[in-house]
Amino acid sequence: MYLLEFGGEDDAFAAREARSAASDVRRIAPGLGVARGIASERVRGLAYTHRASELLGRTETDADLESARALLDAATLEREPPGTVAVRATDVHGSTGISTARAERELGQVLVDRGFDVDLDDPDHLLRAVFSAEPADGSTAGDSDSGHARDSDWGSVCALGWLAAESVRDFGARAPTDKPFFQPGSMDPLLARAVANIAGARPGRTLLDPMCGTGGVLVEAGLVGADVIGTDAQAKMTEGARKNLAHFLDRDEPSPIGVERGSWHVGRGDGTRLPLADDAVDGVIFDAPYGRQSKIDTHRLEDLVAGALAEARRVASRAVVVADRSWEREARDAGWELEASFERRVHRSLTRYVLVLE
């Protein structure tokens, strides 16, 4: 089993994205989940999961240092290959009041007593000690979503695990305003990476964005190894997307997560009439126009989204739609089944809805 440490903003959404890199994902406490297995290279590409660790053990009801020491005393600790160790402790949202510095010292001493050599600067093996407690009012991040499992009763949890993989936190290098081409309202790279992962982005897969805008989602999908195709009704956007994709994907070196960057193609086109064969791609992602107007003069917004959903259903078996409202009825009319839905508040006047369709 593996321990997953979520980013803390929306645990349900993080758990859904984590399913692209792990099997049998379940939330067990605020900020924490477990999985039966992981693909380490895909964990490195996650947006809302920071770490995955080989689980040594966890408590069911107590998140205190005494419980952590008891877990570590009872655990089998052999490491292959042998080497130095260190302990890093986290108190999720400051929910337990644990002194993480004290936890690191005392758990480190247990490891020393068990015969390990400690190297605080560059250890060969890192022990994660994570403490989490449910808020007193019982609220948890992301509990209003659909389609996500968690343990039935949450209490205070302490979990220990050997770090197996960390996500690469380089998203600040691709802020929308720092890209070669920028337009207001562009999706931030964290959300773009997450929806790309949920849509199935990985080496050997091809993803389509029929309303690609500045190409932000395609950039993130390409950086985790997927080949990407984009269309947009506006010539200005297709030219801008090409600049962004060339800047981030046309490089010989591997992407920051260590995989070959995906290939890309962008052309001007109508998302309701795609020049693609049936089942041509593995997944479709699009950020539907916001407000009341379509950018295609010949379409009302409702007709544009409905037509794009129908075309997406024709060319792929999975889609992720981001919008300023729920297009669930239109999705069902197009033949999709709703696998999950999320509401993500951007600021006071904008909430993004994310629909996962199969």
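Leaving aside its neighbours within four places in sequence, which residues is V195 in contact with? In this predicted model, the partners of V195 are F13, M187, V217, I285, V320, V322 and V354. That list is a good way into the interior of the protein, so to speak, and the rest of this report starts from there.

**The cores**

V195 belongs to the largest nonpolar core, a set of 51 residues. Together with F13 and I285, V195 is among the residues with the most contacts inside this core. Several elements each supply at least two of the core residues: strand 1 (2-6), helix 1, helix 5 (189-198), helix 6 (216-223), helix 7 (235-249), strand 14 (319-323), strand 15 (338-347) and strand 16 (350-357). Helix 5 gives the largest share, with six residues. Both domains take part as well, since at least three residues come from each of domain 1 (2-166) and domain 2 (172-357). Apart from this core lies another one, of 23 residues, which includes A323, W327, L355 and L357.

**Helix 1**

Helix 1 spans residues 11-18 and is mostly covered, with eight of its eight residues buried. F13, already met as a contact of V195, is one of these buried residues. The others named with F13 are D11, A12, A14, A15, R16, E17 and A18, so charged side chains are listed here as well as nonpolar ones. At the start of the helix, a side-chain oxygen of D10 comes to within 3.3 Å of the backbone nitrogen of A12.**Backbone features in the loops**

Most residues other than glycine have a negative phi, and most peptide bonds are trans. Three places in this model are worth a look with that in mind.

| Residue | Backbone value | Loop |
|---|---|---|
| D24 | phi about 55 degrees | between strand 2 (22-23) and strand 3 (26-29) |
| D279 | phi about 55 degrees | between strand 12 (264-268) and strand 13 (283-287) |
| P81 | omega near -5 degrees, bond from E80 | between helix 3 (65-74) and strand 7 (85-91) |

D24 has a positive phi although it is not a glycine, and the same description holds for D279. The peptide bond from E80 to P81 is cis.

Is D279 buried or exposed? D279 counts as exposed because its relative accessibility is 59%, and the cut-off for exposed is over 50%. D24 has a relative accessibility of 39% and therefore counts as partly exposed.

Technical notes:
Residues numbered from 1 in each chain as written. Predicted model: local features only at pLDDT ≥ 70, side-chain atom pairs only at ≥ 80, totals over all residues. Heavy atoms only, no water. Buried < 20%, exposed > 50% of the residue type's maximum accessible area, 1.4 Å probe, protein only. Helix = DSSP H or I, 4+ residues; strand = E, 2+ residues; numbered from the N terminus. Polar contact = N/O pair within 3.5 Å; in protein donor to acceptor, adjacent residues only side chain to side chain. Core = buried A, V, L, I, M, F, W, Y, C linked by side-chain atoms within 4.5 Å. Domains from an automatic or database assignment. Contact = heavy atoms within 4.5 Å.
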